[in-house]
Amino acid sequence: MSTSTATAGTIPVPARRGRRRTPTAGALLTLARRRAALTAGNPRQIAVPLLTPILFATVIAPALKEALGGLHSGIDYTAFVAAGTVGLLVPLATAFAGLSVIVDRASGAQRELLAAPVPRVLLLLGNLAVVVVLCAFQIGTVIGVGALRGAEFQVTATGLAWFVAAAFLFIVLMYALAETLASRIPNQEEYIGAVPVVAILPWFFGGALFPIAVLPGVMTAFAKVLPLTHVLALLRYGVVDRAGTGLHDIWGMSNAATEAWLSLGVVALWTAVMCAIAVRVFTRTAVK
């Protein structure tokens with residue numbers, strides 16, 4: 001006589017199968033396309049963040065150059081400020097992208113996406129991919145408009161590599177900061193209140209409109225800590241001032257290439273730390 005091992009009144013439950021994972025590349029592309037439709041779905045969303053940087057590069061910089069006589073050096077002031085406006089453009093663009101994350105969490109499809117069979121970090125990477133492409137287009141536009149306005153850039157293959165590396169790390173850094181704030185701040189109103197502090201205030205200390213050497217001693221020391229200061233020095237070292245004057249103001253050395261590597265290392269470290277924080281904060285808050 002055979003016996004059943006199942007307890008009376010219960011129904012045997014088959015072993016659970018693991019959830020089928022969506023291929024990573026396909027999931028990332030899908031998430032990026034979705035984010036692009038939300039943050040860059042019409043020309044207005046792309047053009048509006050460009051207005052202030054273009055104003056600085058094409059109107060304010062030439063006016064200051066005419067009024068003050070420039071930097072009193074061999075560096076073209078219009079090109080100096082055009083590169084400096086990248087330090088305003090990227091934080092504003094990434095801050096707006098972070099705001100869309102809050103909207104998506106409150107009234108969008110973020111909850112459904114979190115339940116999808118894909119690693120949650122792909123949501124961040126999909127958003128980041130769109131932000132990188134958008135910021136790259138905007139940076140190219142600002143630099144191009146500056147050149148048309150008369151800015152004298154010194155473009156070489158090596159210098160362009162420094163420019164691209166610094167710009168890319170800065171975009172990733174600022175978007176990681178925006179994602180962190182978006183994950184921690186509960187509503188749009190509070191987030192908008194924080195944007196000027198993280199996106200605009202550092203721009204005035206990082207040497208965007210003038211060298212940090214002209215700041216008071218305490219402010220100069222503070223500026224050297226900001227990643228933005230290193231980014232702007234690298235951008236200018238790449239396409240504006242191959243002598244590395246901005247790098248000398250930070251490090252006080254005589255070898256611009258060594259100073260450039262040091263500054264790139266500082267920006268890379270800030271970026272790595274901020275990315276780790278963004279992933280951790282997003283992962284922890286997404287389950288609440």
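Biologist: How much surface does the protein expose, and what supplies 68% of it?

Modeller: About 14,900 Å² is exposed, and carbon and sulfur atoms supply that 68%. The areas come from the Shrake-Rupley method with a 1.4 Å probe, and for residues only the protein chains shown count as cover. Keep in mind that this is a predicted model: local features need pLDDT of at least 70, side-chain atom pairs count only at pLDDT 80 or more, and totals for chains, interfaces and linings use all residues. Residues are numbered from 1 along each chain as its sequence is written, and side-chain values use heavy atoms, leaving out hydrogens and water.

Biologist: What makes W162 and Y237 an aromatic pair that is edge-to-face?

Modeller: Rings of Phe, Tyr and Trp (its six-membered ring) pair if their centres lie within 6.5 Å; planes under 30 degrees apart are stacked, over 60 edge-to-face, the rest tilted. Here we have 5.8 Å centre to centre and 70° between the planes, hence edge-to-face.

Biologist: Why does W162 count as buried?

Modeller: Buried means under 20% relative accessible area, exposed over 50%, partly exposed in between (1.4 Å probe, protein chains only). W162 has 10% relative accessibility, so it counts as buried. Y237 is buried too, because its relative accessible area is 7%.

Biologist: And why is F222 called partly exposed?

Modeller: At 41% relative accessibility, F222 falls in between the two cut-offs, so partly exposed is the label.

Biologist: How do you know that the charged end of R236 sits over the ring of F80?

Modeller: The rule wants NZ of Lys or CZ of Arg within 6 Å of the ring centre and within 35 degrees of the ring normal. R236 is 3.5 Å from the centre of the F80 ring and counts as sitting over it.
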